Amino acid sequence: MKFISIFLLSSLLTFPLFSQNQQYQGKFEPIDNMIPQPNVYRSASGAPGKAYWQQRADYKIKAALNEKDNTLNGDETITYYNNSPDDLRYLWIQLEQNVNKKENEDFGYAFGNVRDSMNTRHMQFLTRAIDFPAGYTIKYIKDTNGKAIKSLVNNTMMKVLLNEPLKSGESLTFSIGWSYHITDRSMYLLSREGYEYFPEDNNTVYLIAHWFPRMAVYNDTEGWQNKQFQKLGEFALEFGDYDVEITVPADHIVASTGDLKNETQVLTKTQQQRLANARKSVDKPIMIVTPEEAKANEKNKSNKTKTWQFRAENVRDFAFASSRKFIWDAQAVPLETHTVMAMSFYPKEGLPVWSESSTLAVKNALEVYSEAVFEYPYPVCISVNTSNIGMEFPMISFNGGRPINGEISDRAKGGMISTIVHEVGHNWFPMIISSDERQWMWMDEGLNTFIHQRTMKERYPDYPHTEPKSIVPFMSGDKSIMRPIMTSSDNDLLSQFGANYYQKPTVGLQMLRQSIVGEELFDQAFKEYANRWKYKHPNPADLFRTLEDATAVDLDWFYRGWFFTTDNVDMELSNVKWFTVSDEVNIENKGKTVKANIEAENAGENTQDFTSGPEEITMVTTPDQAYGQFLSRMDEPKIRKQLYKKNIYEITVKNVGGLIMPLTIEWQYTDGTSEIDTLPAEIWRTNEYEITKTFIKAKEVKKVVLDPKFEFADTDMKNNSFPKVEEASDFDKFKNKTKN
Ligand SMILES: [Zn+2]
């Protein structure tokens with residue numbers, strides 16, 4: 001409908017519109033030019049397109065752990081399925097262990113500065129004063145006929161030059177022999193794997209991850225994702241089935257991704273019986289290896305070996321842990337369609353808190369995530385104790401948190417539980433909803449932390465959890481070093497990636513869920529995204545598009561501000577004017593009425609509070625010309641009667657921080673009651689810097705507060721009230737005293 005008389009339009013637009021002198025920034029413009037265009041692989045709705053394809057890699061691996069020299073030796077066979085439309089002349093394989101080679105280990109990015117006094121461990125990180133062997137020895141690469149395949153290593157990536165191009169739709173089976181020295185975790189910054197030595201009993205716990213040469217991702221957006229491993233940006237991996245045989249000292253216990261296939265060969269009769277009992281125990285964990293047995297094991301140093309066999313289906317990675325120190329407990333967690341074994345493996349150094357809390361935390365995470373995202377599909381879910389870190393892999397995670405002299409503070413215990421919940425949660429993001437961690441750390445960390453914090457709030461309400469308020473210190477920080485969330489993983493600072501990639505997206509999703517979209521609609525949309533991209537490789541645009549597609553809420557303004565800029569929310573309630581309508585109706589004397597209006601506005605401008613009372617305004621009968629071609633007339637006396645003696649409040653809000661947001665306005669009335677009005681973010685469409693809005697209230701207002709429940713991470717709450725909150729500083733108090 002296009003036909004509107006110019007006169008009518010202009011008579012409607014009498015509110016002060018174009019008073020801004022700041023530049024138009026287009027905060028509501030679509031973000032289409034900031035994200036990749038949709039195509040046949042990724043549709044405009046955010047779902048995988050009709051022609052979406054994905055590569056696949058199946059692995060058969062035999063590995064042997066040598067405890068004497070801390071080495072791991074492996075022979076692996078990869079079957080790689082080229083489902084892409086392209087013929088491939090070479091393949092890229094990830095060799096993450098090479099990051100630990102001297103002068104290769106961190107691409108020079110970690111804490112470069114030397115200070116007056118340096119602790120020795122930090123100095124070792126910086127200088128590598130004690131050197132050690134690290135990185136892969138590649139023994140062979142050969143095809144199924146035993147014919148050698150040429151390769152070339154570039155740092156953490158290996159190019160496999162195929163004898164024949166791998167045609168679209170075909171698969172290739174080839175084998176790699178390799179070995180590497182497992183690294184001492186205490187000697188590295190950001191060590192996600194390696195060994196931890198316990199001098200007291202001369203034993204070692206091995207955490208084995210990114211341990212075998214793995215296929216790099218080849219996809220429709222990147223081609224080969226062969227960006228080097230620089231430690232901060234994690235992994236991009238293809239799905240496949242794994243058959244893995246792990247040979248370890250005979251007295252070791254192995255915790256691993258996958259189903260244990262040869263239980264009768266590696267477990268004692270007693271252990272097998274206990275495991276059978278644990279499979280039926282839904283209310284508490286059962287010890288498979290007791291603390292006493294683990295302590296006795298520590299004293300053995302078996303020269304024999306045992307081979308543990310595992311099979312994992314449709315996973316994007318495989319990790320395991322091995323030690324004779326492990327205590328092992330397990331219990332059954334029945335989900336909607338199947339029962340999962342929640343299990344924990346820990347040395348005695350984790351007691352007593354690990355036996356009390358670890359498997360329970362796994363169970364809590366499995367239950368809440370299965371409800372909030374989709375049901376956990378795998379047979380086991382394992383938490384392994386380690387020092388310092390939390391690190392995730394399919395079905396297994398390595399989690400820090402230990403008591404000191406048998407004691408653990410409540411805070412440290414909360415941190416340990418929170419870590420376990422978080423790492424278990426990574427089974428969904430990115431192990432199944434398999435985003436590219438090397439490129440977008442926030443996609444798995446942010447989405448995972450969002451559900452992780454919801455789990456903490458639901459199952460551990462006494463421990464602290466993230467809420468919009470939590471991000472305020474970060475958002476008020478130094479903008480000159482701050483990066484937008486949409487920054488690739490390795491380009492953020494060690495000092496801020498936690499806030500930027502974990503907390504900020506979490507808070508963004510919380511705001512969408514709780515205050516912008518609404519819980520029910522948002523939860524549906526979030527599940528829609530999860531199910532659309534289950535076992536696939538989503539990009540940020542797929543998430544952005546799906547959340548709009550499934551909610552009918554335009555969120556481009558939100559993505560633009562929250563994900564692509566470092567702006568913060570700071571709304572200022574700069575003025576509230578109070579009017580009442582007098583009963584005078586003056587049709588003839590227009591001049592007088594207009595004058596009265598102007599006086600009222602001017603009078604309102606300098607008010608600091610409501611003490612001077614309302615300004616009276618008059619309402620006149622609408623002149624015929626304002627009705628344009630309408631022959632009918634509204635019941636104007638009725639409208640005036642409705643408004644007579646009501647309180648009219650005109651509020652002015654300034655956008656100081658730059659981010660636009662919905663406004664929640666709390667009206668505190670003189671009778672002690674209160675009420676909240678909500679304005680959508682769209683209120684900022686016509687003016688991105690300042691808005692004015694009028695409300696009619698029967699009751700008299702004592703105080704107006706913006707964002708009373710801290711829903712929007714407003715970085716300065718001091719300018720959110722009218723009358724202004726007087727928070728006199730000590731200096732101000734001193735000044736006032738001297739004035740008097
Ligand atoms: Zn994480």
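Buried means under 20% relative accessible area. By that cut-off Asn297 counts as buried, because its relative accessible area is 18%. The model is predicted. The protein has 16 helices and 31 strands. Of its 740 residues, 53% count as buried.

**Overall picture**

- The C-alpha trace spans about 105 × 65 × 60 Å along the principal axes of the protein.
- Take the contacts between residues at least 6 apart in sequence: 76% of them join residues at least 24 apart.

**Zinc site**

- Three residues coordinate the zinc ion: His422 through NE2, His426 through NE2, and Glu445 through OE, with Glu445 listed for two donors.
- The coordination distances run from 1.9 to 2.7 Å.
- The arrangement is irregular, because the four donor atoms subtend angles of 54 to 152° around the zinc ion.
- The cut-off matters here: four donors count as tetrahedral if all angles lie between 85 and 135 degrees.
- Along the sequence, the donor residues follow the spacing H-x3-H-x18-E.
- His422 belongs to helix α7 (residues 410-425) and Glu445 to helix α8 (residues 441-459), so this pair ties together parts that are 23 residues apart in sequence.
- His422 and Glu445 are both buried.

**Four-stranded sheet**

- An open sheet is built from four strands, ordered β5-β6-β3-β10, with antiparallel pairing.
- Its edge strands are β5 (150-154) and β10 (214-215), each of which pairs on one side only.
- β5 is joined to β6 by five bridges, and the two run antiparallel.
- Within that pairing, Leu152 stands opposite Lys159 in β6.
- β5 and β6 also form a hairpin, with two residues between them.
- Asn155 sits in the turn of this hairpin and has a positive phi of about 50°.
- β6 (residues 157-166) is linked to β3 by six bridges, again antiparallel.
- β3 (residues 88-94) connects to β10 through two bridges, also antiparallel.
- Ile93 appears in both of the β3 pairings: it stands opposite Met158 in β6, and its bridge partner in β10 is Met215.

**Helix α5 and its surroundings**

- Helix α5 covers residues 291-299, and its buried residues are Ala294, Asn297 and Glu298.
- These residues lie on the same side of α5, because they cover an arc of only 105° around the axis.
- An α-helix has 3.6 residues a turn, so residues three or four places apart point the same way.
- Glu292 and Lys299 are exposed, on the face of α5 turned away from its buried side.
- The buried residues of α5 pack against three strands: β9 (203-208), β16 (286-289) and β19 (327-334).
- Which residues does Asn297 touch, not counting those up to four places away in sequence? They are Asp251 and Arg324.

**Val205 in strand β9**

- Val205 lies in β9, one of the strands that the buried residues of α5 pack against.
- Is Val205 buried or exposed? Val205 is buried, with a relative accessible area of 1%.
- Leaving aside neighbours within four places in sequence, Val205 contacts Gly194, Tyr195, Glu196 and Phe198, among others.
- Its contacts also include Ser322, Ser323, Lys325 and Phe326.
- His252 is 47 residues from Val205 along the chain, and their C-alpha atoms are separated by 9.6 Å.

**Helix α2 and its ends**

- Helix α2 spans residues 120-127; His122, Gln124 and Phe125 are buried there.
- The buried residues of α2 line one face of the helix, because they fall within an arc of 155° when seen down its axis.
- The N-terminal end of α2 is capped by Asn119.
- In this cap, a side-chain oxygen of Asn119 lies 3.0 Å from the backbone nitrogen of Arg121.
- Arg128 comes just after α2 and takes a positive phi of about 55°.

Methods:
Residues numbered from 1 in each chain as written. Predicted model: local features only at pLDDT ≥ 70, side-chain atom pairs only at ≥ 80, totals over all residues. Heavy atoms only, no water. Pairing = 2+ DSSP bridges. Donors = N, O, S within 2.8 Å, 3.2 Å for Na, K, Ca; no water. Tetrahedral: all angles 85-135°; square planar, octahedral: opposite > 155°, others 65-115°. Buried < 20%, exposed > 50% of the residue type's maximum accessible area, 1.4 Å probe, protein only. Arc of directions from axis to C-beta. Contact = heavy atoms within 4.5 Å. Polar contact = N/O pair within 3.5 Å; in protein donor to acceptor, adjacent residues only side chain to side chain.
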